[in-house]
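User: Please take a close look at one helix pairing in this structure, and at the nonpolar core around it. I would like the geometry first and then the residues.

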Amino acid sequence: MAAESGQGAPPEVAVGVLGNLEVHVDGTPVAIGHARRKAVLAVLLVEANRVVPADRLIDRVWGEEPPSRARSVLRTYLSKLRHALDRTGITITWHDTGYLLAVDPKCVDLHRFRRLLFQARGAGGPRAALALADEALALWRGEPLAEVDTAWAEAFRHQLHQERGAAAADRIDWALACGRHGDVLPELTTGAAEHPLDERAAGQVVLALYRSGRQADALEHYQRTRRLLGEELGADPGPALRELHHRVLTADPALDLPPAEPVRSVPRQLPAPPPSFVGRGDELDRLDSALDAPATVVISAIAGAGGIGKTWLALHWAHRNAHRFPDGQLFVDLHGFGPDTEPLDPATAVRGFLDALGADPGGLPADPDARAARYRSLVAGKRMLVVLDNAATSEQVLPLLPGSPTCTVLVTGRGALPSLIDRYGARHLHLGVLARDEARAVLVGRLGAARTAAEPDVVDELVDLCWRYPLALSITARRIATHPRVPLAEFAADLRELGLDGLDDVDPAASLPAVLSWSLRALTAEQRTVFALLGVVPGPDFGLPAAASLTGLTEARTRTALRALEDASLLDRQAHGRYAMHDLIRASATTAARRDLTEREREDALRRLLDFHAHTARAADRLLNPHRQPIDLDPPAPGVHLHPVADVPAALAWFDREHACLLAVHRAAVAHAWHPAVWNLTRALDNFHSLRGHHHDRLATWRAAAEAAEHLPDPTARAHANRVLGFVHADVDRHQDALAHLDLALVQAEGDLTHQAHIHFAFASVRERTGDDRRALEHARQALDLYRDLDQPGAEAEALNLVAWYSARLGDHDTARDHCRAALALHRSHLRSPDGEANTLDTLGYVEHRTGHHAEAIVHYRHALALYRDHGYTERIAPALEALAGPHAALGHHEEARAAWREALDLYREQNRTTDADRVHRHLAALDHA
């Protein structure tokens, strides 16, 4: 499988200190400013990643002549430097004792120079050491720290020149050991002329001449050096040079070149690094941190869906850390997922690794296990990186694992490879979509700043249309880049219209639908069917009972299938037993459903899912309001698994978890014109919507229910729908619409006393909101009379409270008390309605507060508030808190009043009830002023 693509490049930063100070980003110089500012930066770069106290920084930059207010000037320079370095990734921060410049040492030539020499002096042989030394010395470009003219800078430059000289001398020794005496002789001769008293250089010239077949010239050079030492210093050559002279004089065979150093096979098999890469900072940090636990073989398993960027992440990290694996890097594509190929036999991969490590082909054992053991022997004790890309199973990976803790393994695959985690402690790293800014950077990096700046809003839309999915972004960027004259908006329009199909291509490796489909090969037929059925799910996520109902399988078989999809990175497990799909994978599942399932199979699955939600919602609603007329439903279809709901808290929790799914299923029922289902699901959701204050969702569902009512045989359905629409329009402050719906409902309910009572009850609430309490009381009394005639004690209790409420608002407190007591008696005798009891206690609190009995009011309000909290009546908690604050303020309990109003204010703001929030804010301001 080709490396997964889709990421833009981070800036390539290069900082030069071994010469004039320079900072480049992607080859473009960064303007640092005047010389003093460069001097500050140079000092911090020398001490990179270490804290430099401000006094030391001032001394090194200005020496004995610092400016007045040097610290202030220094802070100004540092501020300018931070701004100049903003896009380089180099940061300057203040710590407890000074300033710290944070930078990757590999980006700074000084630190790279020292690191390369350290590696050279620890290398296993002169060839490797020579290569590293050449690389180190090539970093020098001139006089270091030319911008700084202090005593410290002069001393540091002298130190650096000594380091360079020592490195050059070491390099000559390594070159001579490699038999390159002819190559270095001209350089040696020149150096000896410049430093005629340097005995080490003289010895190198003598040895180079001798090995070049010039014994006489070698002896003459020694004599010349001996005379100069005597004339200039009055001394003879040292023992080492004298010993070399004696050996040259006697033609000591030990001076001849040693046998050729055996060529060590150092495999460098990594494919080219990603040309563009952005983001993934957390994932790269986790891969870095894994190396800090060297007790066992470090294995990091990168998992994720096809096209998510696993290979690119692995290669980017591998190239960034290649220096940590001097013994080589092995790479193999295991072909776990691809267009036509079968997964690679691990025995074939082992043979490839053995060849790369220089194993004698004729001496390899025939047994695959023995070959794997030989491979482990060859890498034992070596610092090597093994990248196993595109693995299908753990079994494919196991023979390729080294046994030495000096090795590191990166595995990429679509599955989690659980046995690799369990048996070998592999660190699982799941890869998801890019962050929004990272996804945008991909497009900007691939298309150029000028083109994306011309249509910035379209770039943002393209990010959304590609779902921040790396391969989708890469495909889109490639198509746009190859059509430079076509506006970005046209590509966005194509993606809007075509969706996943807009990311297809004749080349399977460049087609997102094809790449995603490869994940299905390793699944069983049943698991592939479950995947396709998940494309039918209209909601954002789902639980196990819903999935079992959708598939018609047992919960055990459904769980097994979901786990397989999760292992294949086609499904994400979330909290509370929920599952979700990325939008692109969901689109792939929807395509599979259309391709692999008949229309009848898709419809039956959706019907089962609808039955699951409708029947469970009815049971949960029955707990929230046990006194209303039950909802009649047909028996659930075979294969539906209902979710048990034990009590009111469990019912509210289920509704909260499933709310988005319930709305999505409701919309699906509307789209299929399943009118009874729309009607029944709307009714089952109504209490929950009211209690939680989901007014706009309640309005949308009841509008659909009103349309469905036109097709139902129940003649009262239309009146019912218009009555509730009256309530809901009032909740969203559309009072004229509310009254119009109630007028229509009253006409439609002619001859039906129960519905007429309900409609008068609704009229009362709407009239109150229009400020007409007297007409509200008239409607409440009409509702109460009708409920009494109909012998409906639950509704009668609610109407009693309604009459009490409007009586109290009109100043008739005695009537209000009497009606409240009668309502409470009904609620507490046999109705057991916490909602109705809390509403009545709230009214009693209002009555006592208005009549000056503030302490009694507080008792009633607290009792009502406790009931609202205990039973999850979210919508009513804030008004109860606001009411409770009133008697507290009247009694001078200012802290209690303030606490209640503040909590009410927070709740109103959370619920976007702006008018209520403004009112409470005024209460708090008045209290603070008083």
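Analyst: The crossing of H28 and H30 is left-handed, meaning that the near helix is turned anticlockwise from the far one by less than a right angle. This is a predicted model, in which local features need pLDDT of at least 70 and side-chain atom pairs count only at pLDDT 80 or more, while totals for chains, interfaces and linings use all residues. Residues are numbered from 1 along each chain as its sequence is written, and side-chain values use heavy atoms, with hydrogens and water left out.

Helix H28 spans residues 648-671 and helix H30 residues 695-709, and their axes, 11 Å apart, make an angle of about 25°; axes are lines fitted to C-alpha atoms over the stretch in contact, and angles run from 0 to 180 degrees between N-to-C directions. H28 is therefore roughly parallel to H30, a term for angles under 35 degrees. Helices here are DSSP runs (H or I, at least four residues), numbered from the N terminus.

On the H28 side, His-659, Leu-663, His-666 and Val-670 are in contact (heavy atoms within 4.5 Å) with Asp-697, Thr-701 and Ala-704 of H30. The residues of this contact divide into three nonpolar, three polar and one charged, where Ala, Val, Leu, Ile, Met, Phe, Trp, Tyr, Cys and Pro count as nonpolar, Asp, Glu, Lys and Arg as charged, and the others, Gly among them, as polar.

Phe-655 is, beyond its neighbours within four places in sequence, in contact with residues including Ala-617, Leu-624, Leu-662 and Phe-688.

Key:
Helix = DSSP H or I, 4+ residues; strand = E, 2+ residues; numbered from the N terminus. Parallel < 35°, antiparallel > 145°, perpendicular 65-115°, else oblique.
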